[in-house]
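Visitor: I should like to go through this model with you, one topic at a time. Could we begin with burial, once the structure is on view?

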Amino acid sequence: MNVLLLGPQGSGKGTQAKRIEADYGIPHIATGDMLRAVMEHGTELGKRVRPIVESGQLVPDELMIDLIRDRLGEVDAEGGFVLDGFPRTLPQADALDGMLAEIVRTLSIVFEFQLADDVCRERMHRRAELEGRTDDTPEVIERRLSLYHEQTEPLVAHYRVAGNLVGIHADRAVDEVFAEVQEALDQVAARTA
Ligand code: AMP
């Protein structure tokens, strides 16, 4: 099963992705985590992306597309994946469509986690206190939210056309959200079985 999660920062995508990974045995591929790992290792790539990530801008499309192409080519992604944080722009979405077409695969389902901006802000501020991520400062949080609306939200229409989009009301308890996610995934699994 090839699953894609869309939604603003703080909408619980990462938490739900981890549950999907555990229950369905498909790897959680989170581009934010991949970039933070590269930054931690201090490689050339890490040095290049650090100022971009820390200021809440978007890393260039070509770089992200290469990163994802390599990752999807790894053996653990052969049986499916849950993609979180990519695509974030239309060129990235087009590139993903192309990559999947090449290996004769499609997205089984796209979830859109819906959450009001104020609730996102509140959750991100709380996470800033807990995790101390360098891109969770108030100014950077605002930039990331507006980039979500400008660059990423248009992807919802892109996937609606493809006909596999499911909206999820994300301002609820983790278990409640996951129950709905599971129901949708089980339907997909039954259809493709
Ligand atoms: P996240 O953990 O998903 O919030 O990502 C943290 C940061 O990594 C973002 O604010 C961006 O700077 C960068 N990033 C992650 N995924 C992408 C992507 N698909 N395209 C561009 N930048 C990305």
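Guide: A residue is called buried when its relative accessible area is under 20%. The model shown here is a predicted one. V3 has 0% relative accessibility, so V3 counts as buried.

Visitor: Where does V3 lie, and what does V3 touch?

Guide: V3 is placed in strand β1. Apart from neighbours within four places in sequence, V3 is in contact with I26, F81, V82, L83, I109, F111 and L185. The C-alpha atoms of V3 and G80 are 7.6 Å apart, although 77 residues separate the two along the chain.

Visitor: F111 is on that contact list. With which ring does F111 pair?

Guide: The structure holds 1 aromatic pair. The ring centres of F111 and F113 are 6.3 Å apart and the planes make an angle of 50 degrees, so the pair is tilted. Both F111 and F113 are buried.

Visitor: Now the ligand. Which residues come nearest?

Guide: There are 16 residues around the ligand, and T31, Q57, G85, R88 and Q92 come nearest.

Visitor: Which side chains have polar atoms close to ligand atoms, and at what distances?

Guide: In the side chain of Q92, an N or O atom is 2.9 Å from a nitrogen atom of the ligand. For R36, a side-chain N or O atom is 3.0 Å from a ligand oxygen. R144 has a polar side-chain atom 3.4 Å from an oxygen atom of the ligand.

Visitor: With which acidic residue does R144 form a salt bridge?

Guide: R144 forms a salt bridge with D135, and the closest N and O atoms are 3.9 Å apart. Both D135 and R144 are buried. A network of salt bridges links R127, R133, D135, D136 and R144.

Visitor: What about D136 and R127: how far apart are their N and O atoms, and is each buried or exposed?

Guide: Their side chains meet in a salt bridge at 3.1 Å, N to O. D136 is buried, at 3% relative accessibility, whereas R127 is partly exposed at 21%.

Visitor: How many salt bridges are there in total?

Guide: The count comes to 17. One of them joins R143 and E139, at 3.8 Å from N to O. R143 and E139 are 4 residues apart in helix α7, which means that about one helical turn separates them. E139 is exposed, at 57% relative accessibility, and R143 is partly exposed, at 28%.

Visitor: Which buried residue has no salt bridge?

Guide: D61 is such a case: the nearest side chain of opposite charge, R88, is 9.3 Å away. D61 lies in helix α4, residues 61–72. Beyond residues up to four places away in sequence, D61 touches T89, P91 and Q92.

Visitor: What else does R88 touch, for instance in the loop between β1 and α1?

Guide: R88 is in contact with Q9, which lies in that loop. Q9 is buried, with a relative accessible area of 10%. The other contacts of Q9, leaving aside neighbours within four places, include C120, M124, R144, L145 and Y148.

Visitor: Last topic, the backbone. Which peptide bond is cis, and which residue other than glycine has a positive phi?

Guide: The peptide bond from F86 to P87 is cis, with omega near 0 degrees. P87 lies in the loop between β3 and α5. V104 has phi near 50 degrees, a positive value. V104 is placed in the loop between α5 and β4 and is exposed, with a relative accessible area of 76%.

Methods:
Residues numbered from 1 in each chain as written. Predicted model: local features only at pLDDT ≥ 70, side-chain atom pairs only at ≥ 80, totals over all residues. Heavy atoms only, no water. Phe/Tyr/Trp six-rings, centres within 6.5 Å; stacked < 30°, edge-to-face > 60°. Buried < 20%, exposed > 50% of the residue type's maximum accessible area, 1.4 Å probe, protein only. Helix = DSSP H or I, 4+ residues; strand = E, 2+ residues; numbered from the N terminus. Lys, Arg positive; Asp, Glu negative; His and termini not counted. Salt bridge = Lys/Arg side-chain N within 4 Å of Asp/Glu carboxyl O. Contact = heavy atoms within 4.5 Å. Near = heavy atom within 4 Å. Polar contact = N/O pair within 3.5 Å; in protein donor to acceptor, adjacent residues only side chain to side chain.
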